[in-house]
Amino acid sequence: MAAAPALAAARHFRSRRRADCRLAGETYCGWLKYLWVSDASRGKGIGRELMRRAEALARERGCHSAWLDTFSFQARGFYEKLGYEEFGRLDYPPDHQRHFLRKRLSPAK
């Protein structure tokens, strides 16, 4: 599949299982990014299923990888269990860290 133009319009999506459980993200230039799982979806297995669906949709759209960020007081362990690996970190906000993670969605060419 040809690479998307650098200025291609981003395609947003939302997945709902229940009104209080959602995941939002964006696909752009071969990447799935900005994933967010609502607080109501956490700890019930719903987030894992929403992430699986988001990654499947991203593959359908031709994405090769996904990236996201999370704070040290949030969901780093959740994403690592799903195969995400840290590629960067900031000491932000004070006394915490912001972790940047990525996951390959398709085999490298």
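A residue is called buried here when its relative accessible area is under 20%, exposed when that area is over 50%, and partly exposed in between, using a 1.4 Å probe and counting protein chains only. With that rule in hand, buried residues make up 34% of the 109 residues in the protein.

The model is predicted, so local features need a pLDDT of at least 70 and side-chain atom pairs count only at pLDDT 80 or more, while totals for chains, interfaces and linings use all residues. Residues are numbered from 1 along each chain as its sequence is written, and side-chain values use heavy atoms, with hydrogens and water left out.

**The whole chain**

Begin with the whole protein in a cartoon view, where you can find two helices and six strands; helices (H or I, at least four residues) and strands (E, at least two) are DSSP runs, numbered from the N terminus. Following the chain from the N terminus, you meet these elements in the order β-β-β-α-β-α-β-β. If you then switch on the surface, the protein exposes about 6900 Å², of which carbon and sulfur atoms supply 52%; accessible areas come from the Shrake-Rupley method with a 1.4 Å probe, and for residues only the protein chains shown count as cover. Turning to contacts (heavy atoms within 4.5 Å), among those between residues at least 6 apart in sequence, 47% join residues at least 24 apart.

**Strands β4, β5 and β6**

Next, select strand β6, residues 98-104, together with strand β4, residues 65-71. Two strands pair if DSSP finds at least two bridges between them, and here seven bridges join β4 to β6, the two running antiparallel. To see one of these positions, select Phe71, whose bridge partner in β6 is Arg98.

Now add strand β5, residues 85-90, which is joined to β6 by five bridges and also runs antiparallel to it. A residue to pick out in this pairing is Arg89, whose bridge partner in β6 is His99.

**Aromatic rings**

Keep β5 and β6 on screen while you turn to the rings. Rings of Phe, Tyr and Trp (its six-membered ring) pair if their centres lie within 6.5 Å, and planes under 30 degrees apart count as stacked, over 60 as edge-to-face and the rest as tilted. The structure holds five aromatic pairs.

One of them is formed by Phe87 and Phe100, a tilted pair with 6.3 Å centre to centre and 55° between the planes. This pair links distant parts of the chain, since Phe87 sits in strand β5 and Phe100 in strand β6, 13 residues apart. Are these two rings buried or exposed? Phe87, at 41% relative accessibility, counts as partly exposed, whereas Phe100 is buried, with a relative accessible area of 17%.

Then select Phe71, Phe73 and Tyr92, which ring pairs link into a cluster.

**Helix α2 and Tyr79**

Move to helix α2, residues 76-81, and select Tyr79 within it. Tyr79 is buried, with a relative accessible area of 6%. Show Phe78 as well: Phe78 and Tyr79 form an edge-to-face aromatic pair, 5.1 Å centre to centre with 70° between the planes, and Phe78, at 26% relative accessibility, counts as partly exposed. Finally, draw a distance from the C-alpha atom of Tyr79 to that of Lys103, a residue 24 positions away along the chain, and you should find a separation of 9.4 Å.

**Charged side chains**

Side chains of opposite charge can pair when their charged atoms come close. A salt bridge is a side-chain nitrogen of Lys or Arg within 4 Å of a carboxyl oxygen of Asp or Glu, and by this rule the count comes to eight.

Stay in helix α2 and select Glu80 and Arg76, which form a salt bridge with their closest N and O atoms 3.0 Å apart. Glu80 and Arg76 are separated by about one helical turn because they are four residues apart in this helix. Glu80 is partly exposed at 35% relative accessibility, and Arg76 is partly exposed at 27%.

Add Arg89 and Glu86, whose side chains meet in a salt bridge at 2.6 Å, N to O. With these shown, you can trace a network of salt bridges that links Arg76, Glu80, Glu86 and Arg89.

For the last stop, select helix α1, residues 46-60, where Arg53 and Glu49 are four residues apart and therefore separated by about one helical turn. Their side chains meet in a salt bridge at 2.9 Å, N to O, and Arg53 is partly exposed, with a relative accessible area of 38%.
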